Amino acid sequence: MELNLDLEHTAPPPIRADYRIGAIGAGFIMRDVQLPAYRSAGFHVAALASRTAEIAREVADLRGVPKVYDSIEELLRDDTIDIFDIAVPPARQVEIVREMIRARAKPKGILAQKPLATNLAAARELVKMCADHGIVLAVNQNMRFDQSIRALRTVLRRGYLGEPVMATIEMRAVPHWQSWLKDYHRLTLLNMSVHHLDALRWLFGDPEAVYTSARRDPRTVFPHDDGICMYILEYANEFRAAAWDDVWVGPRTAAQGQDPYIRWRVEGLEGVAEGWLGWPHYPNRHPSEMRFNTRCQPDIWISPKWSEVWFPDAFSGPMGALMDAITLGKEPDNSGLDNLSTMALVEACYLSLGEKRRVELAEVTADSRRSVAH
């Protein structure tokens, strides 16, 4: 087999990129990640609104957004907006889509943050509302657009590793837990592991079952059940994917000497691939890395290089996928309907954790995809 080393590590630009975007939210992810990524991609952010008008004006001035509304409700009544980009806490996303429907807004599409909601039932409601009103819904599962993960998917799709046998993700990094998480009791699985669970689904498909074990994070003082998490995804063909998400890492001391990292590894019958995500080094620009070997080219490791980084460069990808879906009249790869399977996996992890047992995905899906599609 001849190797093609163009591993398609970045998403292609959208066919049409002139859709008018209305940005909802002015926190870190919108201010410092999405808006800079959209500007670099040439996307047109036409207006912005936030819960606090003063902060919205400050962010709009900083990022060159021409129109600021005093409230989210005012922005929702702007019928010139093609796509609403919602970047608010997950519990608020469902409320905002309800407000959108009440305001009779008719956008072509919505890009929602991940997690899509705080639980599977609320996620189903959000997806159904959009489907009932003909709105294309995409979810900002941005780890799918990390350059190493996209290159890995290309390597898998081309068969360079052969049949996958085992995959792992090892995270040792302390996330910035936002203050609104105090209200959820759900911490790591919902708000951090959702990246890894979705990426594993995207790479390998839906598992048959999951087993989860966790303990509380000693650093996080508000109530939660899932701080340091370990989980195993079981597939019908004996393939296994496992991850541990260590949000503790150790005490924060000058002598700690522990650099944060996220590593992944995939072992197949014909080769091995491994990588390191650049995100823990943000705001420094540190590209994600990967290398792989294959029996097609024995005795060598192939190490592609690129200059793009996950934060912020990859964040134009989820919006671009939504734009293409609108242009072509189809569901995006990162659709809300697809994301219900990611939310179901999160839900299954919590059920496994609570009942201390292996949980089959069928226990929580209950034909949710079919019910929202019709």
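Author: Let's start with a term: a polar contact is a pair of N or O atoms within 3.5 Å, and within protein one must be able to donate a hydrogen and the other to accept it. Bear in mind that this is a predicted model.

Reader: Fine. What makes the E274 and R265 side chains a polar contact?

Author: Their side chains are joined at 2.9 Å. The cut-off is 3.5 Å, so E274 and R265 qualify. E274 also has a polar contact with the side chain of R291, at 2.7 Å, and that value is again within 3.5 Å.

Reader: Where does E274 sit, and what does it touch?

Author: E274 is in strand β12, residues 271-276. Leaving out residues up to four places away in sequence, E274 touches W264, R265, E289, M290, R291 and W301.

Reader: How do you know whether E274 is buried or exposed?

Author: Its relative accessibility is 12%. Buried means under 20%, so E274 counts as buried.

Reader: R291 has come up, and W301 too. What makes R291 a charge over the ring of W301?

Author: R291 lies over the face of W301, at 3.8 Å from the ring centre. The limit for the CZ of an Arg is 6 Å, so the distance fits. R263 does likewise with Y261: R263 lies over the face of that ring, 4.1 Å from its centre.

Reader: On to R172. Why is R172 called partly exposed?

Author: R172 has a relative accessible area of 25%. Buried stops under 20% and exposed starts over 50%, so 25% falls in between.

Reader: And what surrounds R172?

Author: Not counting neighbours within four places in sequence, R172 is in contact with W244, D246, V249, D259, P260 and Y261. R172 belongs to strand β7, residues 164-172. The C-alpha atoms of R172 and I262 are 6.3 Å apart, although 90 residues separate them along the chain. There is also a polar contact of 3.1 Å between the side chains of R172 and E170.

Reader: Now the rings. How many aromatic pairs are there?

Author: The search of the whole structure gives 9. One of them is Y38 with F43, with ring centres 5.7 Å apart and planes at 45°.

Reader: Why is the Y38 and F43 pair called tilted?

Author: Stacked needs planes under 30 degrees apart and edge-to-face needs over 60, so 45° leaves the pair as tilted. Y38 is buried, at a relative accessible area of 1%. F43, at 9%, is buried too.

Reader: What makes W310 and F311 edge-to-face?

Author: The angle between their planes is 65°, and over 60 counts as edge-to-face, so the name fits. Their centres lie 5.3 Å apart, within the 6.5 Å needed for a pair. Both W310 and F311 are buried. They belong to one aromatic cluster with F28, Y282 and F315.

Reader: Which peptide bonds at Y282 and F311 are cis?

Author: The bond from Y282 to P283 is cis, with omega near 15°, and a cis bond also joins F311 and P312, with omega about 5°. P283 is in the loop between β12 and β13 (289-294), while P312 is in the loop between β14 (297-302) and α9 (316-328).

Reader: How do you know whether D299 and K356 are buried or exposed?

Author: D299 has 81% relative accessibility and K356 has 68%. Exposed means over 50%, so both names are earned. D299, in strand β14, has a positive phi near 70° without being a glycine. K356 has a positive phi of about 50° and is not a glycine either.

Reader: Last topic: empty space. What lies in and around the largest pocket?

Author: The largest pocket holds about 1,400 Å³ of space. Of its 46 lining residues, F28, I29, H176, Q178 and W180 are the closest to the centre. Helix α1 gives the most to the lining, with 3 residues.

Reader: And what about cavities?

Author: There are 2 of 30 Å³ or more, and the largest has a volume of about 70 Å³. Among its 13 lining residues, L152, I169, L200, L203 and W264 come closest to the centre. Helix α8 gives the most to that lining, with 4 residues.

How values were computed: Residues numbered from 1 in each chain as written. Predicted model: local features only at pLDDT ≥ 70, side-chain atom pairs only at ≥ 80, totals over all residues. Heavy atoms only, no water. Phe/Tyr/Trp six-rings, centres within 6.5 Å; stacked < 30°, edge-to-face > 60°. Buried < 20%, exposed > 50% of the residue type's maximum accessible area, 1.4 Å probe, protein only. Lys NZ or Arg CZ within 6 Å of the ring centre and 35° of its normal. Helix = DSSP H or I, 4+ residues; strand = E, 2+ residues; numbered from the N terminus. Contact = heavy atoms within 4.5 Å. 1 Å grid on protein atoms, 1.4 Å probe; cavity = no way out; pocket = protein on both sides within 12 Å on 5 of 7 lines; lining within 4 Å. Points joined across faces, edges and corners; volume = space filled by probe spheres on them.
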